[in-house]
Amino acid sequence: MAVTSDIVESWRQPRLVLRQHLGRGKSEAFAFSLLFVFLLLAFVAQWPVAAREAFAAGEPSALPRMLALGFAVLATIPFWYALAAASRLLARVMGGKGGWYGARIALFAALVGISPLMLLQGLVAAIVGPGAGLVAMRVVVGLGFLYIWTSMMIEAER
């Protein structure tokens, strides 16, 4: 499936999406590509915010802010791998029968699935700014992520 189809299906049938990914066989390149797609979209989601902040600060360009955001996004790669490992350990304690690869794919596919809402959150942060609207958007993104990730982890640990 294409990534765009996976994103739509992740909301409707997250377990099916994970089964399809795991059916491809183990491929760390594929797992990393899912993480990379999420990181790229998360970076793009921050562009409007960087532009707003640069304008508000009277800076001539948002490029220095965007460069810093790019490095910050790349620096999160070990965190995502550690989170996948921690979720696998927790699942094992709870009786899960899956593997490390399934936990990584479940997390990374859930991150890709939530990426459109991340883009919307970036727009809300830039246009509306801090306030109740942004807080509500962050709650929606967080709950959506937990729904997709939990569904995929349950499937991965069967």
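Is Tyr81 buried, partly exposed or exposed? At 27% relative accessibility, Tyr81 counts as partly exposed, where buried means under 20% relative accessible area, exposed over 50%, and partly exposed in between (1.4 Å probe, protein chains only). The views below put Tyr81 in its setting, starting with the whole chain.

**Figure 1. The whole chain is a helical protein in a predicted model.** Eight helices and zero strands make up the secondary structure, with helices (H or I, at least four residues) and strands (E, at least two) taken as DSSP runs numbered from the N terminus. Read along the sequence, the pattern is α-α-α-α-α-α-α-α. The C-alpha atoms fill a box of roughly 55 × 30 × 30 Å along the principal axes. Of the 158 residues, 43% count as buried. The protein exposes about 8,400 Å², and carbon and sulfur atoms supply 73% of that area; accessible areas come from the Shrake-Rupley method with a 1.4 Å probe, and for residues only the protein chains shown count as cover. Among contacts (heavy atoms within 4.5 Å) between residues at least 6 apart in sequence, 72% join residues at least 24 apart.

**Figure 2. Confidence along the model, helix by helix.** The score here is pLDDT, the predictor's confidence in each residue, from 0 to 100. Its mean over the protein is 93, and 99% of the residues reach 70 or more. Confidence is lowest in helix α1 (residues 3–12), at a mean of 88, and highest in α6, at 96. A handy reminder for any predicted model: where pLDDT is low, the predicted coordinates should not be read in detail.

**Figure 3. The largest nonpolar core has 42 residues.** A nonpolar core is a set of buried Ala, Val, Leu, Ile, Met, Phe, Trp, Tyr and Cys residues joined through side-chain atoms within 4.5 Å. Those with the most contacts inside this one are Phe38, Trp80, Leu107, Phe108, Leu111 and Met152. The elements that give two or more residues to the core are α2 (14–23), α3 (28–45), α6 (77–93), α7 (100–127) and α8 (132–156). Helix α7 gives the most, with 16 residues. Zooming in on Leu111, and leaving aside its neighbours within four places in sequence, you will find Leu35, Phe38, Trp80 and Phe145 in contact with Leu111. As a general note, in soluble globular proteins, nonpolar side chains tend to be buried together.

**Figure 4. Phe38 and Trp80 form one of the five aromatic pairs.** Rings of Phe, Tyr and Trp (its six-membered ring) pair if their centres lie within 6.5 Å; planes under 30 degrees apart count as stacked, over 60 as edge-to-face and the rest as tilted. The structure holds five such pairs. The ring centres of Phe38 and Trp80 are 5.6 Å apart and their planes lie at 85°, so this pair is edge-to-face. It links distant parts of the chain, with Phe38 in helix α3 and Trp80 in helix α6, 42 residues apart. Phe38 counts as buried at 5% relative accessibility, and Trp80 counts as buried at 14%. Ring pairs also bring Phe79 into a cluster with Phe38 and Trp80.

**Figure 5. Tyr81 meets Phe108 in a second ring pair.** Their centres are 5.1 Å apart and their planes lie at 75°, so the pair is edge-to-face. Tyr81 sits in helix α6 and Phe108 in helix α7, 27 residues apart, which makes this another link between distant parts of the chain. While Tyr81 is partly exposed at 27% relative accessibility, Phe108 is buried at 0%.

**Figure 6. The charged end of Arg88 sits over the ring of Trp100.** It lies 6.0 Å from the ring centre. A charge sits over a ring if NZ of Lys or CZ of Arg is within 6 Å of the ring centre and within 35 degrees of the ring normal.

**Figure 7. Pro48 and Gln121 each have contacts beyond their sequence neighbours.** Pro48 lies in helix α4 (residues 47–56) and is partly exposed at 25% relative accessibility. Leaving aside neighbours within four places in sequence, Pro48 is in contact with Gly122, Leu123 and Ala126. The C-alpha atoms of Pro48 and Leu123 are separated by 6.3 Å, although the two are 75 residues apart along the chain. Gln121, in helix α7, counts as buried at 14% relative accessibility. With the same neighbours set aside, Gln121 is in contact with Leu134, Met137, Arg138 and Val141.

**Notes.** Residues are numbered from 1 along each chain as its sequence is written, and side-chain values use heavy atoms, with hydrogens and water left out. As this is a predicted model, local features need pLDDT of at least 70 and side-chain atom pairs count only at pLDDT 80 or more, while totals for chains, interfaces and linings use all residues.
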